[in-house]
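Visitor: I would like to learn how to read a few features of a protein model. Where do we begin?

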Amino acid sequence: MTASSTPDDKDVPLLETESLTKHFDLSDGVLERVLGGGKKVQAVENVDLTIDEGETVAVVGESGCGKSTLVETIVNLYTPSAGTVRFRGEDITGLSDREMRKYRRQIQMIFQDPLASLNPRQTIGECLTAPLEVHDIGDDAAERREMAKDHLERVGLERSHFDRYPHEFSGGQQQRVAVARALTLEPELLLADEPVSALDISVQSDILKLFNRLQDELDIAIVFVSHDLSVVRYIADRVAVMYLGEVVELAPTEDLFEDPQHPYTKALLSAIPRIDPTEQTDRIILEGSPPSPMDPPTGCRFHTRCPAVIPPDDWAGTQEQFRAYHSFRNQVRNGEIDPDAIRRRVRSESGDEASGSVQEQILEESFTASIEEIPDAIRRVVVETTEELADGSRSRAVETIEGAFQTPCAQQSPREQSTGNRHRVACHRIDSDGLGDTDSA
């Protein structure tokens, strides 16, 4: 039993986060902070996560979704803005470096760039024995030297590598050194932040096999951050899918791959290449870029790009028409339509820069549904919006499009729902008690 263990450890997760939140204040000065006018990057928002002994939980999502910030906040490299982190039931939220010292033996982190985390002026042996010295492990320098060499062998390196420097190794070997250094303290939990993304495919396979072997031998729990779902399927027991700072789906790996529930998860999975063409699913293309974490959308943060966004009750058109309308709304709101550029192009191509011609071009380029086929009430809103854009009145255009046919997905955040064994989803289409009949349109 470890120093921090309790008699009831079997009933307590190894690691648990509750409503863990991290915002970065981008205020330029004291006055902005006092007046509340500064911007905040909402990097991680209300994340609930549990890690059991010996399991691997992968955290996946697009770049900038908060994956790295999440694990760095867990290990207190960043102080949480809110929420709680517990290790074996003990609250370690926001502990100082000195207070965290007793937990460092049990929680270790491996970074994406191993060379950046290894001191170039130290030999590999010095990098590995330093943690042993800090934590007073081993009777003397000779014993610590032998322990470090044992760990080099454990990760597939040679004992003779002990006296070499980091720059003398390949990228894959450097990552093995980083793993060996993390293992010297015999931790119970590894936080691995994109540990194979910078490596060649063949080297990635070797490192992943190393992680699996070490986990079998040492029963270490791993939080594995990655953007590569094919890697995740190989190594993870469970997968947490993040979007714009929030976990939108969490499930056992095979459940997630075989029966994804969240539209974002389905889009990510559809992008995985398949060797067998009969297994290739239709690719789901997400429109636009992820919104800024400084100004995330209201309600469901994914609704601005969601291919299954829910129409309002008064929507008289089809789901496909609503997707076209919703996409058009987002383009208008985000300033992605440039009437002046369109006007210049129309003038150069036809010599006619009348607002009517500009309006027609806006419709052709930005509204993907047939304007003649949509119901009259919807057509009027679209036409009025394009007229205002063509006349240079973007603020009025935004007001017009925002004031009609607002998706309920933008009005409230989805509640997390259980859909099976350890399978949780935060989506309005799953929340049967939240928005009524989500299968309409």
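Guide: We begin with empty space. A cavity is a set of grid points where a 1.4 Å probe fits but cannot get out. Keep in mind that this is a predicted model.

Visitor: How is such space found, and how many cavities of 30 Å³ or more does the whole structure have?

Guide: Rolling a probe the size of a water molecule over the atoms shows where empty space is left. Here the search of the whole structure gives 1 cavity of 30 Å³ or more. About 70 Å³ of space lies in the largest cavity.

Visitor: Which residues line the largest cavity?

Guide: Its lining consists of His262, Pro263, Cys300, Phe302, Cys306, Ala308, Val309, Ile310, Cys409, Cys427, His428 and Arg429. Sorted by class, the lining has 9 nonpolar, 2 polar and 1 charged residues.

Visitor: Cysteines appear in that lining. How many disulfides does a search of the whole structure find?

Guide: A disulfide needs a pair of cysteine sulfur atoms within 2.5 Å. The search of the whole structure finds 0 disulfides. Take Cys306 as a case: the nearest cysteine sulfur belongs to Cys427 and is 6.2 Å away.

Visitor: Is Cys306 buried or exposed?

Guide: Buried means under 20% relative accessible area. Cys306 has a relative accessible area of 8%, so it is buried. Cys65, at 4% relative accessibility, also counts as buried.

Visitor: Next, the aromatic rings. How is a pair described, and what is the count of aromatic pairs?

Guide: A pair of aromatic rings is described by the distance of the centres and the angle of the planes. The count here comes to 12 aromatic pairs. One of them joins Phe211 and Phe224, edge-to-face, at 5.9 Å centre to centre and with 90° between the planes. Phe211 belongs to helix α8 (residues 201-218) and Phe224 to strand β8 (residues 221-226), and the two are 13 residues apart. Both Phe211 and Phe224 are buried.

Visitor: Why is the pair of Trp315 and Phe405 edge-to-face?

Guide: Planes over 60 degrees apart count as edge-to-face. The planes of Trp315 and Phe405 stand at 90°, with ring centres 5.4 Å apart, so this pair is edge-to-face. The pair links distant parts of the chain, 90 residues apart. Trp315 sits in the loop between α11 (263-270) and α12 (319-333), and Phe405 in the loop between α16 (394-402) and β11 (416-420). Both Trp315 and Phe405 are buried. Ring pairs also link Trp315, Phe322, Tyr325 and Phe405 into a cluster.

Visitor: What lies over the face of Phe24, and what over the face of Phe169?

Guide: Lys22 lies over the face of Phe24, 5.1 Å from the ring centre. For Phe169 the residue is Arg164, at 4.7 Å from the ring centre.

Visitor: Back to the loop between α11 and α12. Is Ala316 there buried or exposed?

Guide: Ala316 has a relative accessible area of 59%, so it is exposed. Ala316 and Ala377 are 61 residues apart in sequence, and their C-alpha atoms are 8.6 Å apart in space.

Visitor: Finally, the backbone. What is the phi of Asp136, and what is that of Arg422?

Guide: Asp136 is not a glycine, yet it has a positive phi of about 55°. Asp136 is in the loop between α5 (124-134) and α6 (141-154), and counts as exposed at 63% relative accessibility. Arg422, also not a glycine, has a positive phi of about 60°. Arg422 is placed in the loop between β11 and β12 (423-426), and is partly exposed with a relative accessible area of 36%.

Conventions: Residues numbered from 1 in each chain as written. Predicted model: local features only at pLDDT ≥ 70, side-chain atom pairs only at ≥ 80, totals over all residues. Heavy atoms only, no water. 1 Å grid on protein atoms, 1.4 Å probe; cavity = no way out; pocket = protein on both sides within 12 Å on 5 of 7 lines; lining within 4 Å. Points joined across faces, edges and corners; volume = space filled by probe spheres on them. Nonpolar A, V, L, I, M, F, W, Y, C, P; charged D, E, K, R; others polar. Buried < 20%, exposed > 50% of the residue type's maximum accessible area, 1.4 Å probe, protein only. Phe/Tyr/Trp six-rings, centres within 6.5 Å; stacked < 30°, edge-to-face > 60°. Helix = DSSP H or I, 4+ residues; strand = E, 2+ residues; numbered from the N terminus. Lys NZ or Arg CZ within 6 Å of the ring centre and 35° of its normal.
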